[in-house]
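Grab a coffee and open your viewer. The exercises below are meant to be worked with the model on screen, and each comes with a solution to check yourself against.

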Amino acid sequence: MCETCGCGDPGSYQIRKVGQDDSADNAYEHSHPHSHSPGFSHRHQHLHPHSHTGEDDHRHNPDHGHDHDHDHAHSHDHAHSHNSDSIHGHDVVSGEPVSGKRLINLEKDILETNNLMAERNRGFFEAKKVFCINMVSSPGSGKTSLLERMIIALKDTIPIYIIEGDQQSMLDADRLAKLGVPAVQINTGSGCHLDAIMVNKALKSFDIATGSLLLIENVGNLVCPALFDLGESTRVLVMSVTEGEDKPLKYPAMFRSARLCLINKTDLLPYVDFRIEEATKSASAMNPELEFIEVSAKTGKGMEKLVDWIIGKINTISN
């Protein structure tokens, strides 16, 4: 189990480029490096560089450079003192020495490895003036259909690259590659999100042109992808009118992490109980900086506004 978010075993994943066989150069295995989260305690042994024997009641060889008397009262250059039990117990929770022993703080950000790789990805994007969108949503919101619309509208204006994230299959990557853009599929197996390491390895499948657009379709999930920075330029959240207007209240972390919310399937508004005003009000309460565009992947409503938003962002990083 992934200790970071609680998803299934993330021990392996596959990166597959559309049109290529699964080969040693086209598939990767990956294990999450886990460290203990704050609040986890354990004790471990700390041994001195000098040795003790059990025969002389902790007496030492005087040649090892310490001053001792026969009662084992001795001084060290250590900043701490200890009793005749020379094995130290450390507690990382209480913040206090245990039985006169020294505290060593082992707390570490469990997302540190991911965040370091995300910064590497971000530096690459900035150097190449690549605008990278991490598109997130729950399953069935219409991300792939929106991506199709975006690609058709932009592919003659700017080079576009696709990274698709799903637990299994090549369906979405194959679907988007038919539009004439390079696409790579990341299959996460039982994993519920993409991470920065997966994205970094997928990037090696491309020769990304300067001043291009990279579209990442994350695994459909409103929980775990919110935790993982991929190094993206921005995060776009797709919210469908068929999901219910209470999504921002149920999944606040995802709405706080996004910069643009696309309210999709607006062509179905006459048939569902969904109030856009209430949805945007709740989302804005979670994230006052969140922008909104109402779209329909089926009819094309709102796509011109979305394309203008993307071009504006690309022009900003290109200047």
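What follows is a set of exercises on this predicted model, each with a worked solution.

**Exercise 1. Get your bearings**

Task: Find how many helices and strands the protein has, and what share of its residues count as buried.

Solution:
- Step 1. Count the secondary structure: the protein has eight helices and eight strands.
- Step 2. Turn to burial. Out of 319 residues, 45% count as buried.
- Step 3. Look at how far contacts reach along the chain. Take the contacts between residues at least 6 apart in sequence: 68% of these join residues at least 24 apart.

**Exercise 2. Two lysines with an odd backbone**

Task: Work out where Lys129 sits and where Lys265 sits, then check the sign of phi for Lys129 and for Lys265.

Solution:
- Step 1. Recall the background: most residues other than glycine have a negative phi.
- Step 2. Start with Lys129. Its phi is positive, about 55 degrees, although it is not a glycine.
- Step 3. Place Lys129 in the fold: look in the loop between helix H1 (112–128) and strand E2 (131–137). With 33% relative accessibility, Lys129 is partly exposed.
- Step 4. Now do Lys265, another non-glycine with a positive phi, here about 65 degrees. Lys265 belongs to the loop between strand E7 (260–264) and helix H7 (276–286).
- Step 5. Check the accessibility of Lys265: the relative accessible area is 22%, so Lys265 is partly exposed.

**Exercise 3. From Lys265 to Val295**

Task: Decide whether Val295 is buried or exposed, and list what Val295 touches beyond its sequence neighbours.

Solution:
- Step 1. Locate Val295 in the loop between strand E8 (291–294) and H8.
- Step 2. Read off its accessible area. The relative value is 0%, so Val295 is buried.
- Step 3. Compare sequence and space: Val295 and Lys265 are 30 residues apart in sequence, yet their C-alpha atoms are 6.6 Å apart.
- Step 4. Skip neighbours within four places in sequence and collect the contacts of Val295. They include Leu262, Ile263, Asn264, Lys265 and Thr266, along with Lys301, Gly302 and Met303. Leu146 is also one of them.

**Exercise 4. How do H2 and H8 pack?**

Task: Describe the packing of helix H2 (residues 143–154) against helix H8 (residues 303–318).

Solution:
- Step 1. Know what you need: two packed helices are described by the angle between their axes and the distance between the axes.
- Step 2. For H2 and H8, the angle is about 65 degrees and the axes are 10 Å apart.
- Step 3. Name the arrangement. Angles of 65 to 115 degrees count as roughly perpendicular, so that is the label for H2 and H8.
- Step 4. Add the handedness: H2 and H8 cross in a right-handed way.
- Step 5. Pick out the residues. H2 brings Leu146, Arg149, Met150, Ala153 and Leu154, which meet Met303, Leu306, Val307, Ile310 and Ile311 of H8.
- Step 6. Sort the H2–H8 contact by class: nine nonpolar residues, no polar ones and one charged.

**Exercise 5. A second helix pair**

Task: Do the same for H1 and helix H4 (residues 196–203).

Solution:
- Step 1. The angle between H1 and H4 is about 35 degrees, and their axes lie 8 Å apart.
- Step 2. The crossing of H1 and H4 is left-handed.
- Step 3. On the H1 side you'll find Thr113, Asn114, Met117, Ala118, Asn121, Phe124 and Phe125, and these meet Ala196, Ile197, Val199, Asn200 and Leu203 in H4.
- Step 4. By class, the contact of H1 with H4 holds eight nonpolar, four polar and no charged residues.

**Exercise 6. Is the cysteine pair bonded or free?**

Task: Find how many disulfides the structure holds, and why Cys224 is not bonded to Cys192.

Solution:
- Step 1. Count them: the structure has zero disulfides.
- Step 2. Check the distance. The cysteine sulfur closest to that of Cys224 belongs to Cys192, 3.1 Å away.
- Step 3. Apply the cut-off: a disulfide needs sulfur atoms within 2.5 Å, so the sulfurs of Cys224 and Cys192 are too far apart for a bond.
- Step 4. Look at burial: Cys224 is buried at 7% relative accessibility.

**Exercise 7. A buried methionine**

Task: Place Met254 and find which residues Met254 contacts.

Solution:
- Step 1. Met254 is part of helix H6 (residues 252–257), and at 0% relative accessibility Met254 is buried.
- Step 2. Leaving out neighbours within four places in sequence, Met254 contacts Val136, Asn221, Leu222, Pro225, Ala226, Arg235 and Leu237.
- Step 3. Take Leu222 from that list: Met254 and Leu222 are 32 residues apart in sequence, with C-alpha atoms 6.2 Å apart.

Key
Residues numbered from 1 in each chain as written. Predicted model: local features only at pLDDT ≥ 70, side-chain atom pairs only at ≥ 80, totals over all residues. Heavy atoms only, no water. Helix = DSSP H or I, 4+ residues; strand = E, 2+ residues; numbered from the N terminus. Buried < 20%, exposed > 50% of the residue type's maximum accessible area, 1.4 Å probe, protein only. Axes fitted to C-alpha atoms, helices over the stretch in contact; angles between N-to-C directions. Parallel < 35°, antiparallel > 145°, perpendicular 65-115°, else oblique. Left-handed = near helix turned anticlockwise from the far one by under 90°. Contact = heavy atoms within 4.5 Å. Nonpolar A, V, L, I, M, F, W, Y, C, P; charged D, E, K, R; others polar.
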